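Reader: Please present the structure, and for each classification state the criterion on which it rests.

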Amino acid sequence: MICALASAVCFGTASVLQAVAARDTAPGTGSGVDPRLLLRVLKQWRYLLGLALDGLGFVLELIALRALPIYTVGAALAATLAVTAVVAAPVLHTRLSRREWLAVGVVCGGLAMLALASGVEGHLRGTPGLRIATLVFALALLALGALAGRLPERARAAVLGLGAGLGFGVVEVTVRLIDDFTPTALLTNPAVYALLIGGGTAFLLLTTAFQRGSVTAATAGMVIGETIGPALVGVAWLGDRTREGLAPLAAAGFALAVVGALLLARFGEAPAAERNAAEDTVAVDGG
């Protein structure tokens, strides 16, 4: 659980840094999957620092997923925004409102309930069909993400954020579907390719969402995508369970953590001054 929460700290702070960097970069092709946009933001030190934090967060997430049910780790990652609000507020020079502090409390309460109710990770390793299904889903997400960037502005950020969350959800599930790390087994396991494609697609979609739309909408979509779907897969196919008789407590804790995170989605927005400066830079660079 400590690793899961530390992962949330890393991901949450990285999201703020990457959002500011993405908004300070000229627009790309208009596609939701835009590698050239990613290459441009890689020149920004804030984005690189965010990537380093993402890398550390991913390692911590892997450790957590090897010991806890997916629904517990997913809820902890949904708490990313709550942790970000507390840790990154001095850096961003923002002040939390009473409602946001209440949301932080809701998230913490939900996580405490989950910690009490969650059992150990399920011991089922998934069927060959599930491994193939994750790969097919990751490829479909990549294709649909390329089209999502052309949606109207209002829906674009939310859909791209949801797609990014689903991509991160693929990573959460596939980590549990990889149990043999010999070279031959890795090369022949569809889950390995699903992990790479899902994670890469998630980064591309999230970068585009931050650059071309509301960070609030993108983050809210991401929270929903990376929590609910993977949690259901863990319970239905991988054997994740709660402690005896505590399933209602776990369900309530999961719901509170996700709802509290959604209430905090606004915190992902870059400060107004930086956002305006970024827009002015884009306007100048774009002619």
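Author: A residue is termed buried under 20% relative accessible area, exposed over 50% and partly exposed in between, with a 1.4 Å probe and protein chains only. By that criterion, buried residues make up 51% of the 287 residues in the protein chain. The model is predicted: local features need pLDDT of at least 70, side-chain atom pairs count only at pLDDT 80 or more, and totals for chains, interfaces and linings use all residues. Residues are numbered from 1 along each chain as its sequence is written, and side-chain values use heavy atoms, with hydrogens and water left out.

Reader: How do you know how many helices and strands the protein chain has?

Author: Helices are DSSP runs of H or I with at least four residues, strands are runs of E with at least two, and both are numbered from the N terminus. Under these rules the protein chain has 13 helices and zero strands.

Reader: What makes Ser118 count as buried or exposed?

Author: Ser118 has 8% relative accessibility, which is under the 20% limit, and therefore counts as buried. Ser118 is placed in the loop between helix 6 (98-117) and helix 7 (128-148). Taking contact as heavy atoms within 4.5 Å, and not counting residues up to four places away in sequence, Ser118 touches Pro69, Tyr71, Thr72, Arg241, Thr242 and Arg243.

Reader: Why is helix 4 (residues 70-78) described as largely enclosed by the rest of the structure?

Author: Nine of the nine residues of helix 4 are buried, so the description follows. Among them are Tyr71 and Thr72, which also appear in the list of residues that Ser118 touches.

Reader: What is the class of Leu102, and what is that of Ile228, by relative accessible area?

Author: Leu102, in helix 6, has a relative accessible area of 59%, which is over 50%, so Leu102 is exposed. Ile228, in helix 11, has 38%, which falls between the two limits, so Ile228 is partly exposed.

Reader: Which residues make the nonpolar surface patch?

Author: Patch residues have over 30% relative accessible area and no salt bridge; like charges are joined within 9 Å, and nonpolar side chains (Val, Leu, Ile, Met, Phe, Trp, Tyr) within 5 Å. Leu162, Ile224, Ile228, Leu232 and Leu262 make a nonpolar patch of about 390 Å², with areas from the Shrake-Rupley method and a 1.4 Å probe, only the protein chains shown counting as cover for residues. Helix 11 (residues 215-237) gives the largest share, three residues.

Reader: Why is the pairing of Asp240 and Arg176 called a salt bridge?

Author: A salt bridge requires a side-chain nitrogen of Lys or Arg within 4 Å of a carboxyl oxygen of Asp or Glu. The side chains of Asp240 and Arg176 meet at 2.9 Å, N to O, so the criterion is satisfied. Asp240 lies in the loop between helix 11 and helix 12 (247-263) and Arg176 in helix 8 (residues 153-177), so the pair ties together parts 64 residues apart in sequence. Both Asp240 and Arg176 are buried, and the structure holds one salt bridge.

Reader: How do you know whether the length of helix 3 (residues 45-65) agrees with expectation, and what do its buried residues line?

Author: The expected span is 1.5 Å times one less than the number of residues. For the 21 residues of helix 3 this is 30 Å, and the end C-alpha atoms are 30 Å apart, which agrees. Seen down the axis, the buried residues of helix 3 fall within an arc of 135 degrees, so they line one face of the helix; the arc is that of the directions from the helix axis to the C-beta atoms. The buried residues include Arg46, Tyr47 and Gly50.
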